[in-house]
Amino acid sequence: MSSSLEDTKFILRKYNITANKKLGQNFLINDNVIENIIEASNIEEKDLVIEIGPGLGTLTSKLLERAEKVIAIELDDKMISILKDRFKLYNNFILLNDDVLKIDLNSLIKENVGDLEKIKIVANLPYYITTPIIMKLLEDKLGIYSITVMVQKEVADRITAMPGDKLSGAITYSVNYYAEAKKIVFVDKSSFIPAPEVDSEVIKLDIRKTPVVEVDNEEMFFRVIKASFMQRRKTLVNGLVNSGIITDKVRIKEIFDNIGIDMNIRGEKLTIEQFAELSNLIYRDI
Ligand code: SAM
């Protein structure tokens, strides 16, 4: 029996609790995967690590051994009392009972970063809010260095897809704008208690110093991307018109001609540079 499996069963029994499905609680019990996550996140002594959803503390215990400071944000009160108990002897541990989507991460980091050099996010994310968490971490411009997270396989495929792939979606471009994404390891359902319905994958996002393309207005850039993936089987022109971003087809044709794209093109065929050009031209037009 692996030690994380033993620990998990022991803790669940000791505190007489069961996983809360509504909170996406699937506890990791595969030691190899835990090692893969720790290795990929490349924690160094002078790092501030933020863990989202520490649960019973399986990953947390490894992070605490490596980083100078670990901040863990957990929504479930039951997990909080277990974590407090389990890590009471660690003085490099800050535990927050909060919702990661509501917490002000910029202030949290400012208060805690001190002379620490890099901020790294590590997590086995709750799957019901994976995308909003990742987008918050990127959009809030937190000055973080990397994000190493377990997500469901389908989301990993989308995030790491190449523009133009049939798997690419709005999130492919949105993440690519801020970060370089790569897959680390495939994780089978049986690596968790309870087993989720889907397989998973660990991915790593290395945050770029500056976004990969220059845009005049980020809000317009992301609006254009979202609109073009709203109706996947429709053309980009339809997406733009239906979302109300630009409705004059003559003007759209001029803009498309300017970029050198066809009026029948679908959103997923555009490169991120073309999305930048398109949103810049639309923005300058209004
Ligand atoms: N890290 C543990 C592990 O790997 O075994 C648990 C991971 S489990 C997939 C996700 C964790 O996120 C759970 O502990 C759950 O309670 C917590 N969680 C769910 N929603 C949250 C939220 N909005 N903010 C913070 N934590 C949340």
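In the predicted model, a backbone N or O atom of Val-100 is placed 3.0 Å from a nitrogen atom of the ligand. Considered by itself, the ligand exposes 600 Å², of which the protein buries 99%. Two further polar approaches involve oxygen atoms of the ligand. In one, a polar side-chain atom of Gln-25 lies at 2.9 Å from a ligand oxygen atom; in the other, a polar backbone atom of Gly-55 is 3.4 Å from an oxygen atom of the ligand.

The shell around the ligand comprises 22 residues, and those that come nearest are Gly-53, Glu-74, Asp-99, Asn-124 and Tyr-128. By residue class, this shell contains 11 nonpolar, 6 polar and 5 charged members. Among the elements of secondary structure, strand S1 (27–28) and strand S3 (69–74) each contribute at least two residues to the shell.

The site was next considered in terms of enclosed space. A search of the whole structure returned 1 cavity of 30 Å³ or more. The volume of the largest cavity is about 370 Å³, and 30 residues form its lining, with Gly-53, Gly-55, Glu-74, Asn-124 and Pro-126 closest to the centre. The ligand is located in this largest cavity. Gly-53, Glu-74 and Asn-124 thus appear both among the residues that come nearest to the ligand and among those closest to the cavity centre. Gly-55, which is also listed as closest to that centre, is the residue whose backbone supplies a polar atom 3.4 Å from a ligand oxygen atom.

At least two residues of the cavity lining are supplied by each of S1, strand S2 (47–52), helix H3 (58–66) and S3. S1 and S3 are likewise the strands noted above for the ligand shell. The cavity lining divides into 18 nonpolar, 8 polar and 4 charged residues.

Open pockets were examined separately. The largest pocket has a volume of about 350 Å³. Its lining consists of 15 residues, and Gly-143, Ile-144, Ile-207, Arg-208 and Lys-209 lie nearest the centre. Helix H6 (130–139) and strand S9 (200–207) each provide at least two of the lining residues. In this lining, 8 residues are nonpolar, 2 are polar and 5 are charged.

The second largest pocket has a volume of about 300 Å³. It is lined by Lys-21, Gly-24, Gln-25, Asn-26, Tyr-127, Tyr-128, Gln-152, Pro-194, Ala-195, Pro-196, Glu-197 and Val-198; these comprise 6 nonpolar, 4 polar and 2 charged residues. Two residues of this lining, Gln-25 and Tyr-128, also feature in the description of the ligand site: Gln-25 places a polar side-chain atom 2.9 Å from a ligand oxygen atom, and Tyr-128 is one of the residues that come nearest to the ligand.

Pro-194, another residue lining the second largest pocket, is joined to Ile-193 by a cis peptide bond with an omega of about -15°. Pro-194 belongs to the loop between strand S8 (192–193) and S9, and S9 in turn supplies at least two residues to the lining of the largest pocket.

A further backbone feature is found at Asn-42, a residue other than glycine with a positive phi, near 50°. Asn-42 is situated in the loop between helix H2 (31–41) and S2. S2 is one of the elements that supply at least two residues each to the lining of the largest cavity, in which the ligand sits.

Definitions and conventions
Residues are numbered from 1 along each chain as its sequence is written. This is a predicted model: local features need pLDDT of at least 70, side-chain atom pairs count only at pLDDT 80 or more; totals for chains, interfaces and linings use all residues. Side-chain values use heavy atoms; hydrogens and water are left out. A residue is near a molecule or strand if one of its heavy atoms lies within 4 Å of it. A polar contact is a pair of N or O atoms within 3.5 Å; within protein, one must be able to donate a hydrogen and the other to accept it, and residues adjacent in sequence count only if both atoms are side-chain atoms. Accessible areas come from the Shrake-Rupley method with a 1.4 Å probe; for residues, only the protein chains shown count as cover. On a 1 Å grid over the protein atoms alone, a cavity is a set of points where a 1.4 Å probe fits but cannot get out, and a pocket is an open set with protein on both sides within 12 Å along at least five of seven lines; lining residues have an atom within 4 Å of a point. A molecule sits in a cavity or pocket if more than half of its atoms lie within 2 Å of its grid points. Helices (H or I, at least four residues) and strands (E, at least two) are DSSP runs, numbered from the N terminus. Ala, Val, Leu, Ile, Met, Phe, Trp, Tyr, Cys and Pro count as nonpolar, Asp, Glu, Lys and Arg as charged, and the others, Gly among them, as polar. Grid points are joined across faces, edges and corners, and a volume is the space filled by probe spheres set on the points.
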